[in-house]
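Reader: I've got the model open and I'd like to poke at it one feature at a time. Mind if I just fire away?

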Amino acid sequence: MDAGSWDYSLFWNEAMKQVEEEVSEQEFAMWFNRMAYSHAAESQIYVTVPSSFYRDQVKQRYLGLIEQKLQDLSGTSLSLEFDINKSVSSAAADQESPKARAAATSKKEPERRPKKPHPVLREEYTFDNFVIGHNNSFAANAAMAISRNPGTGYNPCLIYGGVGLGKTHLVQSIGNSVYQEYDNLKIVYVTMESFTNDFIQSIREKKTQAFKNKYRYADVLLIDDIHFLQKKPETQEELFHTFNALYDSNKQMVFTCDRPVSEIRDLTDRLRSRFERGLNVDLQPPSFETRFAILNKKIERSALSIPQEVIELICNNVTTNVRDLEAALTKLIAYADLVDKDITLEVAKHQLKDFFASPKQNNVTMDIIQRTVADYFNLSSQDMKGKKRTKVIAFPRQIAMYISREMTEYSTTEVGLEFGGRDHTTVMHACQRIENRMRTDPTLEPTIQFLIRQIKEQSTKS
Ligand code: ADP
Ligand code: MG
């Protein structure tokens with residue numbers, strides 16, 4: 001049989017019908033309306049999707065489900081291949097809820113002057129100031145789509161990623177954009193921490209109704225850093241009700257988190273499932289090109305001239321997050337301002353020495369940490385990894401483990417391995433012990449700070 005004679009479209013259509021019954025309407029509109037059967041080969045179905053991000057998301061979320069359905073229907077295993085075709089109609093994106101239409105009618109005319117800044121949102125957190133790269137384009141595009149039609153397609157949306165990667169910037173950009181574009185939409189931005197404090201205070205002062213009014217009448221509710229919910233059952237309960245109230249009336253919610261929701265400990269299942277219900281998108285660390293573009297954008301705004309080789313130097317050395325990248329630049333600009341000097345490569349190298357040696361920049365090795373701590377306590381590196389559990393060795397070993405977690409990106413499992421193949425729970429336990437002890441023993445923290453400085457010094461030399 002030649003490739004042209006395979007046709008699995010009946011199975012495909014039936015599988016889609018079944019999927020539609022199983023997933024929520026919103027999910028189906030978002031992910032399945034823009035996927036189309038294209039053609040087939042033996043045991044293979046080719047479908048078109050609008051972008052590679054879309055493909056990856058569909059694969060991650062639904063590939064298993066779709067392939068299972070196809071197998072059940074056809075009795076044979078059919079695999080999916082994705083072709084990217086930008087012109088696949090965007091039914092989901094084009095769909096507008098009545099609310100969105102109503103809101104659109106009150107959309108500001110372009111010639112009107114911008115409003116005064118929003119009282120809570122930071123003015124510079126806008127989409128214009130956000131540089132898009134491979135690491136963040138899915139999240140940024142989702143955020144922009146939300147700000148055009150709040151409460152319609154991507155609700156709720158959860159943006160997650162490590163520290164300094166732009167979560168707050170993006171979520172506030174949504175707020176700023178909706179605020180500028182729509183009249184009469186109430187935008188509430190809050191960190192999970194303030195929400196929690198607000199909630200506690202409202203109970204204490206018996207003003208729970210006021211609290212409810214503040215959050216449950218938002219048209220766009222933006223909550224930053226929901227990982228703060230960990231181990232706070234009452235706040236979780238309250239947020240659960242807030243969520244339901246807003247969701248039922250098609251109000252937009254956007255959350256940020258420093259990790260995937262599945263990794264928040266002690267989160268009730270029902271709240272977890274609600275966060276996961278809409279669109280979850282992640283932010284990754286930026287590539288060199290994106291870092292370069294971000295710095296150039298900042299420089300443009302500061303109207304300073306900084307040689308490209310200096311920018312390259314920073315981009316090559318500060319790799320983990322955007323906040324550190326900006327901080328390095330800010331330091332240089334401040335220096336140039338204060339001493340009225342040009343920023344040359346030499347000046348930059350000298351001024352940013354500490355930055356580049358900063359702990360999270362991977363110069364710090366486990367070996368340096370173990371050696372420095374062992375030296376300080378008159379022990380050997382071997383003792384750190386060895387089996388002995390006498391107090392004289394166990395305590396310094398715990399300090400070294402604690403410092404390893406503070407100064408490197410190693411997980412507790414990895415740290416455990418470096419310390420003679422110990423279990424990750426041993427490392428967690430050690431960190432806990434040190435933290436507790438720091439609270440009761442005022443000499444411990446200065447000792448640890450001293451060790452950290454020594455380790456930094458050692459790391460710049462190596
Ligand atoms: P997070 O909330 O994820 O910890 P932030 O949103 O506070 O990170 O970002 C840290 C800093 O980096 C902010 O000043 C922000 O403006 C900037 N930033 C992050 N990502 C970008 C980007 N893609 N383009 C421009 N600036 C960015
Ligand atoms: Mg933040």
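Reader: Let's begin in a loop: what is the relative accessible area of serine 43?

Author: Serine 43 sits in the loop between strand E1 (36–41) and strand E2 (44–49). Here's the scale: buried is under 20% relative accessible area, exposed is over 50%, and partly exposed is in between, with a 1.4 Å probe and protein chains only. Serine 43 counts as partly exposed because its relative accessible area is 28%.

Reader: Before I trust side-chain pairs, what pLDDT do they need?

Author: Residues run from 1 along each chain as its sequence is written, chains are lettered from A and ligands numbered from 1 in the order in which they are written, and side-chain values use heavy atoms, with hydrogens and water left out. It's a predicted model, so totals for chains, interfaces and linings use all residues, local features need pLDDT of at least 70, and side-chain atom pairs count only at pLDDT 80 or more.

Reader: Back to serine 43, then: what is its phi near?

Author: Most residues other than glycine have a negative phi. Serine 43 is not a glycine, and its phi is positive, near 60 degrees.

Reader: Aspartate 340 has a positive phi too, so where does it lie?

Author: The phi of aspartate 340 is near 55 degrees, again positive in a residue other than glycine. With a relative accessible area of 69%, aspartate 340 is exposed. As for helices (H or I, at least four residues) and strands (E, at least two), they are DSSP runs numbered from the N terminus. On that count, aspartate 340 lies in the loop between helix H14 (322–339) and helix H15 (345–351).

Reader: What about omega: which residue comes just before proline 156 in the cis peptide bond?

Author: Most peptide bonds are trans. Proline 156 is in the loop between helix H6 (137–148) and strand E4 (157–161). The bond leading into proline 156 is cis, with omega near -5 degrees, and it starts from asparagine 155.

Reader: Zooming out, what share of the chain's residues count as buried?

Author: The chain has 22 helices and 8 strands. Its C-alpha trace spans about 75 × 60 × 55 Å along the principal axes. Of the 462 residues, the buried share is 47%.

Reader: Now charges: how many residues separate aspartate 219 and lysine 251?

Author: A salt bridge here is a side-chain nitrogen of Lys or Arg within 4 Å of a carboxyl oxygen of Asp or Glu, and the side chains of aspartate 219 and lysine 251 form one at 2.8 Å, N to O. This pair links distant parts of the chain: aspartate 219 is in the loop between helix H9 (208–216) and strand E6 (220–224), while lysine 251 is in the loop between helix H10 (233–248) and strand E7 (252–257), a separation in residues of 32.

Reader: And are those two partners buried or exposed?

Author: Aspartate 219 has a relative accessible area of 12%, so it falls in the buried class. Lysine 251, at 17%, therefore counts as buried.

Reader: Which helix holds lysine 298, the partner of glutamate 326?

Author: The structure holds 11 salt bridges. In one of them, glutamate 326 pairs with lysine 298, with the closest N and O atoms 2.4 Å apart. The two are 28 residues apart, with glutamate 326 in helix H14 and lysine 298 in helix H12 (residues 288–302).

Reader: Which opposite charge is nearest to arginine 274?

Author: Arginine 274 is found in helix H11 (residues 269–277), and its side chain makes a 2.8 Å polar contact with that of asparagine 244. (A polar contact is a pair of N or O atoms within 3.5 Å; within protein, one must be able to donate a hydrogen and the other to accept it, and residues adjacent in sequence count only if both atoms are side-chain atoms.) For charge, Lys and Arg count as positive and Asp and Glu as negative, with His and the chain ends not counted. Arginine 274 is buried without a salt bridge, and 7.6 Å away is the nearest side chain of opposite charge, aspartate 248.

Reader: Last one: which helix gives the largest share of the negative patch?

Author: Patches use residues with over 30% relative accessible area and no salt bridge, joining like charges within 9 Å and nonpolar side chains (Val, Leu, Ile, Met, Phe, Trp, Tyr) within 5 Å; a charge is placed at NZ of Lys, CZ of Arg, CG of Asp or CD of Glu. Glu14, Glu20, Glu21 and Glu25 make up this surface patch. Glutamate 25 belongs to helix H2 (residues 25–31) and is exposed at 72%. The largest share, 3 residues, comes from helix H1.

Definitions and conventions. Areas by Shrake-Rupley, 256 points an atom, 1.4 Å probe, with all protein chains shown as cover.
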